[in-house]
Amino acid sequence: MEVKELILQVEDIHKATELISSTLRKPVIIENKNFELISYSSSMDEFDQSLQKTILSKKCPIFVIDRLKKEGIVQRLEQRPDPIRVHPIEELGFHQRVVTAAKHIGHTMGYIWVQESDHLLTDEELTLLEEVTPHLGKLIYDVYEKVNAKEGRREELMWKLLHHEYGSESQFRHDASLAKLTLPERFSVVVFSVTAAQHNYMLDYLEKSVHQSPHKKNIHYLKTEFQMIMVLYGKSESRLSTRDMARELIEEVKSETGEEEFYNFLIGVGKEYTTLYQMRKSFLEALEVIEIANFITPRPESMPREFTKLGIYRYLATLYEKNSSEDYYSDDLLTLIQNDTAKQTDLLRTLEVYLANNGKGKQTANQLFIHPNTLNYRIKQIQELTAIDFNDFNMKTYLYTELLLLNNVEAYYQRYRDAL
């Protein structure tokens, strides 16, 4: 039997993904129309940096989506049935690949990505991909149908709300009433995502924590293979916000799992809203927190989990792309890296903590576990080696963002090391 016929007979999207990957001898990933992960081939070690981030955060990085939209790739996918070749974007860790839109009953269900790192797909292989893609569109559609059938009508309604598949709030309220789904007066969406597939068992701990939580009646959750999405319900007159509830729940989970295991979760908390139509907005905000955490691989507890507290973290990926593409470096930070390397000092980390604490010596020394005199000596060294003016707010802000990238993103730090 021809490979094409084998693929067209497969009814499981994961098996279809593996079959396509083995036939094309390329890593393959399938996303839904919102660029959220559906399936990927088992050859994860061959994926480029961008696809690895998609697998870990379960969603294509926002800065990659923005670039694809900016270059018209997303618009072309809506208009063309044939595969599109997307050229590499080296500064984003995005290798050359082929993408095609998977449609079902005239609607885009998702996207099929085939990474082309070593050699290009042949015309014959591109034709095969185009011919099997409509079947993949049907399989993506079936994924949601199966989820809805398994979870029940109320879960189906929540999924539709999260994915903006309702034309109006009144229509949703009508369907929710028929399904006896209680609707919140205010809410926040919280997402727990495991950092790797081998930690999936952590979701069982999480589910246990939810059932034991004093707020369990106010938590509606949806579980996927790698994530748990929770909608925290609140009353308009309650003094306790849903974000307060989220903080308490996170601490409960940490206590239940133990600190070491707890850090196998990436956690995002969306803003609190009162309009149901904004539930997807809160959901996407929670996902953005997870995506950023995945991008910078932060030290435990160093990065905010709440979207409202992200601050400069929201722009780190953009700064990374801009500075990498323009081959930009800070001469002052290059000097400190050179000194740290040659003399085994820790000036780069000291500077970040000092700036994060707004120049407060005692607080900085405590955080670094050093004597205040040692801190003063290090700051004096920094001033002697560089042109940093600690009275210049603009300079301090700029340096802090560079330091967040240098101390959290290995590839960015390596750029500086290579420039020495």
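# Briefing on a predicted model

T108 is buried, with a relative accessible area of 10%. The model is a predicted one. The points below begin with T108 and a contrasting loop residue, H87, which is exposed at a relative accessible area of 55%. They then turn to a hairpin, an open sheet of four strands, helix α8 and the contact of α14 with α19.

**T108 and H87**

- T108 belongs to strand β5, which spans residues 107-115.
- Beyond residues up to four places away in sequence, T108 touches K33, E78, A101, A102 and K103.
- T108 lies 94 residues from H14 along the chain, and their C-alpha atoms are 19 Å apart.
- H87 sits in the loop that runs between β3 (84-86) and β4 (97-104).
- The relative accessible area of H87 is 55%, and residues over 50% count as exposed, so H87 falls in the exposed class.
- With neighbours within four places in sequence set aside, H87 is in contact with F94 and Q96.
- Between the C-alpha atoms of H87 and L266, which are 179 residues apart along the chain, the separation is 31 Å.

**Hairpin of β1 and β2**

- Three bridges pair strand β1 (residues 28-32) with strand β2 (residues 37-40) in the antiparallel sense.
- E31 stands opposite L37 of β2.
- Four residues lie between the two strands of this hairpin, and F35 has a positive phi near 65 degrees.

**The open sheet and helix α7**

- Strands of a sheet pair through backbone hydrogen bonds, in either a parallel or an antiparallel manner.
- Four strands form an open sheet in the order β7-β8-β6-β9, and their pairing is antiparallel.
- The edge positions are taken by β7 (219-223) and β9 (265-269); each has a single partner strand, so one side of each has no neighbour in the sheet.
- From one strand to the next, the twist averages 15 degrees.
- Strand β6 (residues 186-194) runs antiparallel to strand β8 (residues 227-234), and eight bridges join them.
- Within this pair, F187 stands opposite Y233 in β8.
- Helix α7 (residues 153-162) packs on the sheet and touches β6, β7 and β8. The direction of α7 makes about 85 degrees with that of β7.

**Helix α8**

- The buried residues in helix α8 (residues 169-178) include F172, D175 and A176.
- Viewed down the axis of α8, the buried residues fall within an arc of 100 degrees, so they line one face of the helix.
- An α-helix has 3.6 residues a turn, so residues three or four places apart point the same way.
- S170, S177 and L178 are exposed, on the face of α8 turned away from its buried side.
- Helix α7 is part of what covers the buried residues of α8.
- K180, just after α8, takes a positive phi of about 55 degrees.

**Contact of α14 with α19**

- Two packed helices are described by the angle between their axes and the distance between the axes.
- Helix α14 (residues 331-343) and helix α19 (residues 410-419) have axes that come within 10 Å and cross at roughly 80 degrees.
- Angles of 65 to 115 degrees count as roughly perpendicular, and α14 and α19 are therefore roughly perpendicular to each other.
- From α14, L333, L334, I337 and T341 meet Y413, Y416, R417 and A419 of α19.
- By class, the residues of this contact of α14 with α19 are six nonpolar, one polar and one charged.

Key:
Residues are numbered from 1 along each chain as its sequence is written. This is a predicted model: local features need pLDDT of at least 70, side-chain atom pairs count only at pLDDT 80 or more; totals for chains, interfaces and linings use all residues. Side-chain values use heavy atoms; hydrogens and water are left out. Two strands pair if DSSP finds at least two bridges between them. Axes are lines fitted to C-alpha atoms, for helices over the stretch in contact, and angles run from 0 to 180 degrees between N-to-C directions. Contact means heavy atoms within 4.5 Å. Buried means under 20% relative accessible area, exposed over 50%, partly exposed in between (1.4 Å probe, protein chains only). The arc is that of the directions from the helix axis to the C-beta atoms. Angles under 35 degrees count as roughly parallel, over 145 as roughly antiparallel, 65 to 115 as roughly perpendicular and the rest as oblique. Ala, Val, Leu, Ile, Met, Phe, Trp, Tyr, Cys and Pro count as nonpolar, Asp, Glu, Lys and Arg as charged, and the others, Gly among them, as polar.
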